[in-house]
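I opened my notebook to look up a few things in this structure, one entry at a time. Here is what I wrote down, with the meaning of each term beside it.

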Amino acid sequence: GANSPADLVFTVDIGRLNEVVEMDLVQAVNSDTLNSNIPSQYRDPEGLWFGLTTRTRSIYASNERVKDGEITTYEELADEKWKGRICTRSGKHPYNLALIASMIAHHGEAETETWLKGVKANLARKPQGNDRAQVKAIYEGVCDLSLGNNYYLGKMLQDEEQTKWANAVNILFPNSADRGTHVNISGMALTTSAPNKANAIKLMEYLTGETAQTMYAEQNFEYPVNPAVQPSELVASWGEFKADQLPLADIAGLRKAAAKLVDKVAFDQ
Ligand SMILES: [Fe+2]
């Protein structure tokens with residue numbers, strides 16, 4: 001609050017950025033540098049938060065039991081052919097809430113409810129664990145598809161024990177052929193109390209410039225938010241995709257409706 005010595009808040013997911021906005025802990029920044037480095041869908045229209053990196057909510061598919069092209073959209077996760085074959089973490093996790101919110105934005109609440117019921121009916125087990133635990137479950141034959149953020153593939157490949165999990169899956173970028181893959185961000189915001197406001201804004205600007213964006217790209221397996229900077233060689237090797245152009249501010253506004261649907265269909269039960 002007002003006594004905080006912090007100038008900036010760094011966190012992941014639009015949901016968490018939205019929370020600091022709703023708690024009135026951050027202030028608007030109007031910077032031409034930030035506005036030109038960051039595409040408009042990845043920053044708050046009023047300058048209350050700014051994206052630093054983007055990450056896809058991907059589908060991971062068994063490279064033994066799922067054929068190339070057998071699933072290309074989020075919508076198909078509700079298809080009966082996947083009965084007993086899907087693993088995911090909790091529907092209430094911010095990563096899944098944002099995906100469900102994006103489904104509401106594109107299809108409306110009623111259609112999203114039907115979809116979510118369909119996905120639930122296809123689950124191999126009750127939602128549990130984190131994104132990497134689902135890829136492990138694919139490796140162990142518990143399920144054939146899971147939902148997960150793209151950077152976990154890089155993290156698993158860096159981990160001696162988890163490399164075999166990563167090698168059991170292909171990473172897919174759903175809806176690349178139509179409305180685009182759902183992406184979320186890691187981001188930053190200037191605190192209301194910021195004691196070093198001018199320098200904090202300089203740091204924000206630096207972090208969205210080419211030098212810092214290249215460092216992010218090389219080290220954390222995410223996509224640079226600045227379109228002038230390319231992803232790392234490993235990340236680029238996973239393939240190109242089209243990102244959903246829906247503003248994240250819209251997704252933030254639908255998160256509560258998404259959480260209600262998760263409860264209504266008892267997704268986690
Ligand atoms: Fe994460």
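**Entry 1: the iron site**

I began with the iron ion, whose donors are spaced along the chain as Y-x55-Y-Y. I looked up which atoms those are: Tyr95 (OH), Tyr151 (OH) and Tyr152 (OH) coordinate the iron ion at 1.9 to 2.1 Å. A donor here is an N, O or S atom within 2.8 Å of the metal (3.2 Å for Na, K and Ca), and water is not among the atoms, so sites may look incomplete.

I noted that this is a predicted model, in which local features need pLDDT of at least 70 and side-chain atom pairs count only at pLDDT 80 or more, while totals for chains, interfaces and linings use all residues. Residues are numbered from 1 along each chain as its sequence is written, and side-chain values use heavy atoms, with hydrogens and water left out.

Next I asked where Tyr95 and Tyr151 sit. Tyr95 is in helix α3 and Tyr151 in helix α6 (residues 151-158), so to speak two distant parts of the chain, 56 residues apart, that the pair links. Helices (DSSP runs of H or I, at least four residues) and strands (runs of E, at least two) are numbered from the N terminus. I also checked whether Tyr95 and Tyr151 are buried or exposed. Both are buried, where buried means under 20% relative accessible area, exposed over 50% and partly exposed in between (1.4 Å probe, protein chains only).

**Entry 2: aromatic pairs**

How many aromatic pairs are there? I counted 3, with this rule: rings of Phe, Tyr and Trp (its six-membered ring) pair if their centres lie within 6.5 Å, and planes under 30 degrees apart count as stacked, over 60 as edge-to-face and the rest as tilted.

One of the pairs brought me back to the iron site: Tyr151 and Tyr152 are 4.3 Å apart, centre to centre, with 45° between the planes, a tilted pair. Both of these tyrosines are buried.

The pair of Phe173 and Phe241 is stacked, because the ring centres are 4.9 Å apart and the planes meet at 10°. I traced Phe173 to the loop between β6 (169-172) and β7 (183-191), and Phe241 to the loop between α10 and α11 (248-253), so this pair ties together parts that are 68 residues apart in sequence. Phe173 is buried, at 10% relative accessible area, whereas Phe241 is partly exposed, at 23%. I then found that ring pairs link Phe173, Tyr223 and Phe241 into a cluster.

**Entry 3: the largest pocket**

Two residues of that cluster turned up again here. The largest pocket holds about 460 Å³ of space. Of its 20 lining residues, Tyr223, Pro224, Val229, Pro231 and Phe241 are the closest to the centre. β8 (223-224) and α10 (233-237) are the elements that give two or more residues to this lining.

I wrote the search rule in the margin: on a 1 Å grid over the protein atoms alone, a cavity is a set of points where a 1.4 Å probe fits but cannot get out, a pocket is an open set with protein on both sides within 12 Å along at least five of seven lines, and lining residues have an atom within 4 Å of a point. Grid points are joined across faces, edges and corners, and a volume is the space filled by probe spheres set on the points.

By class, I noted 13 nonpolar, 6 polar and 1 charged residues in the pocket lining. Ala, Val, Leu, Ile, Met, Phe, Trp, Tyr, Cys and Pro count as nonpolar, Asp, Glu, Lys and Arg as charged, and the others, Gly among them, as polar.

I also looked up Ala236, which is found in helix α10. Ala236 counts as partly exposed, at 44% relative accessibility.

**Entry 4: the cavities**

How many cavities of 30 Å³ or more does the structure hold? I found 2. The largest cavity has about 80 Å³ of space, and its lining includes Leu77, Thr88, Trp115 and Phe267. Helices α3 (94-107) and α4 (109-121) are the elements that give two or more residues to that lining. The classes came out as 8 nonpolar, 2 polar and no charged residues.

The second largest cavity has about 40 Å³ of space. Among the residues lining it are Gln41, Tyr42, His182 and Asp244. Here I noted 5 nonpolar, 2 polar and 1 charged residues.

**Entry 5: the disulfide**

My last search, over the whole structure, gave 1 disulfide, which is a pair of cysteine sulfur atoms within 2.5 Å. Its partners are Cys87 and Cys143, with the sulfur atoms 2.1 Å apart. Why is the disulfide of Cys87 and Cys143 left-handed? The torsion about its S-S bond is about -110°, so it is left-handed.

Cys87 lies in strand β4 (residues 86-87) and Cys143 in the loop between α5 (131-139) and β5 (145-149), and the pair links these distant parts of the chain, 56 residues apart. Cys87 is buried, at 0% relative accessibility, and Cys143 is buried too, at 1%.
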